[in-house]
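Got the viewer open and a selection box ready? Here is a walk through the model, one pick at a time.

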Amino acid sequence: MAHVRSLFFSGPLSEIEDKAFKAASLGRPSDIIWNITNRCNLLCEHCYMAADGHRRPDELSHEEAIALVRQMGEIGVPMLFLSGGEPMVRPDFWEILEEAHRQGIRPTVSTNCTLIDREAARRLKANGVRWIATSLYGPDEFHDAMVRVPGTRQRVVDAIRVLREEGVGVVLKTALSKETWPYIYDLIQTAKDLDCGLIYICDLITSGRSEGEEDTRVTNDQWRELADWILDDVLDPDQKLEYDIGALPSIIPYMAERLLERGIDVTKGLERLKIMSACPVGKGHMNINSAGGIMPCQFAQDWVVGTVREMSLTEAVQVLYQLDLEDSKGACSPEECEYTRICRGCRTKAWQQFGDPFAEDTTCILQRDGERTLAAHESMREPRPSPAAPCMAPGSCG
């Protein structure tokens, strides 16, 4: 995931991203995505975790959940994303959110918005929620068919309007596939029309209900077309929408190349990418599933490196940082790609395709034989210390 405007210029998330980058540089979690439940009141056909109406028997108890939030506060986690399933169907959702707010953590809620009315919107804001994230996939009939519950799209739109009226920012999310491609530019306009501050466009993750559907991903040419369009929009002084791209880290060096071709300085972005590569695996980013499993990426629910029942978050983040010390392989290796440390390829796609998180990312959109204009940039020649390196941790080197 990479916020394009905030990465290269100055965007709506710059302040909180600065806190995340600082935390990562100190060897702490930069952010945590926590799937607090697998239960959901929708049945989205592409759901990467196949969420439904059933609660996992090993879901963290109320006491464990509250203790976990307090531990996050103790170690200074700057951002917490409460996700699911649908997080608001968990009976103690509000207690978890309220505890995060008490701990001084900036919470964001990823929700399908079907449970948000004006009272809920006001309560979210009162508990420090500046942003919620919710999904749209296309026009009414198409969206409702995707989530398998009639009337959902209109409920989402109504909730977005209420949230904006109450001063809560909205991230509009969508999964990009051959099915949703015809609607992507309309969705971007919808985000603007609904006064959303950010749109999150994620490449299709083929797990859960979309397992085995690799052929439904859009082509590299389509992704490059969209990337060029986004850059035009970002560079338009009259436009303010932020773009976040998920599960396609190669889009960031691609965009940096295009910006350099236009004579635009990309130093700010490259400096940030020294600490937080376009794929956040091993860079301070932590994911926790509903059973307390610690994952390098939320999209790989079966890639678990430990559990909060067995280790502290401080121990867990050091395990995750060790992943950054491993080089990617194949086309993503340092020998094959000059951008390996700022991109690294999508480690989850490698895990899902090859069973090896360090294998190459076969969905890279960079032209293999094209000119690599970033390679000569001064920032690319400087060393890139990892938070996992000994001297990156506070007090570890004298």
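One cut-off before we start clicking: a residue is called buried when its relative accessible area is under 20%, exposed when it is over 50%, and partly exposed in between. Keep in mind, too, that this is a predicted model.

**Stop 1: a salt bridge with two kinds of partner**

Select Arg 55 and Glu 59. Their side chains form a salt bridge, and the closest N and O atoms are 3.2 Å apart. Are these two buried or partly exposed? Glu 59 has a relative accessible area of 7%, so it counts as buried. Arg 55, at 46% relative accessibility, is partly exposed. The pair is one of 25 salt bridges in the structure.

**Stop 2: the nonpolar core**

Now pick Trp 34, Met 72, Leu 124, Ile 201 and Trp 223. The largest nonpolar core has 122 residues, and these five touch the most other members. As background, nonpolar side chains tend to be buried together in soluble globular proteins.

Zoom in on Met 72 and show what surrounds it. Which residues is Met 72 in contact with, leaving aside its neighbours within four places in sequence? The answer is Ile 32, Trp 34, Val 77, Leu 80, Ile 105, Ile 288 and Leu 313.

**Stop 3: strand β4 and its partners**

Next, select residues 106-110, which make up strand β4. Five of the five residues are buried, so the strand is largely enclosed by the rest of the structure. Turn on side chains: Arg 106, Thr 108 and Ser 110 point one way, while Pro 107 and Val 109 point the other. That fits the usual pattern, since side chains in a regular strand alternate between the two faces of the sheet.

Add residues 79-83 to the selection. This is strand β3, which runs parallel to β4 and is joined to it by four bridges. Then add residues 131-135, strand β5, also parallel to β4 and joined to it by three bridges. Click Thr 108 to see both pairings: Phe 81 stands opposite this residue, and so does Trp 131 in β5.

Now bring in the helices. Helix α4 (residues 93-102) goes with β3 and β4 in a right-handed β-α-β unit. Helix α5 (residues 118-126) makes a right-handed β-α-β unit with β4 and β5.

**Stop 4: buried charges**

Select Arg 217 and Asp 203, whose side chains meet in a salt bridge at 3.8 Å, N to O. Arg 217 sits in the loop between β7 and α9 and Asp 203 in strand β7, so the pair ties together parts that are 14 residues apart in sequence. Both Arg 217 and Asp 203 are buried.

Move on to Lys 283 and Asp 324, another salt bridge, with the closest N and O atoms 3.3 Å apart. Lys 283 lies in the loop between α11 and β9, and Asp 324 in the loop between α12 and α13, so this pair ties together parts that are 41 residues apart in sequence. Lys 283 is buried at 2% relative accessible area, and Asp 324 is buried at 1%. Extend the selection to Asp 327, Arg 341 and Arg 344: together with Lys 283 and Asp 324, they are linked in a network of salt bridges.

**Last stop: the cysteines**

How many disulfides does the structure hold? Zero. Check Cys 113: the nearest cysteine sulfur, that of Cys 196, is 9.2 Å away. Cys 113 is buried, with a relative accessible area of 1%. Finish on Cys 202, where the nearest cysteine sulfur belongs to Cys 346, 8.2 Å away. Cys 202 counts as buried too, at 6% relative accessibility.

Key: Residues are numbered from 1 along each chain as its sequence is written. This is a predicted model: local features need pLDDT of at least 70, side-chain atom pairs count only at pLDDT 80 or more; totals for chains, interfaces and linings use all residues. Side-chain values use heavy atoms; hydrogens and water are left out. A nonpolar core is a set of buried Ala, Val, Leu, Ile, Met, Phe, Trp, Tyr and Cys residues joined through side-chain atoms within 4.5 Å. Buried means under 20% relative accessible area, exposed over 50%, partly exposed in between (1.4 Å probe, protein chains only). Contact means heavy atoms within 4.5 Å. Helices (H or I, at least four residues) and strands (E, at least two) are DSSP runs, numbered from the N terminus. Two strands pair if DSSP finds at least two bridges between them. A crossover is right-handed if, with the strands pointing away from the viewer, the path from the first strand over the helix to the second runs clockwise. A salt bridge is a side-chain nitrogen of Lys or Arg within 4 Å of a carboxyl oxygen of Asp or Glu. A disulfide is a pair of cysteine sulfur atoms within 2.5 Å.
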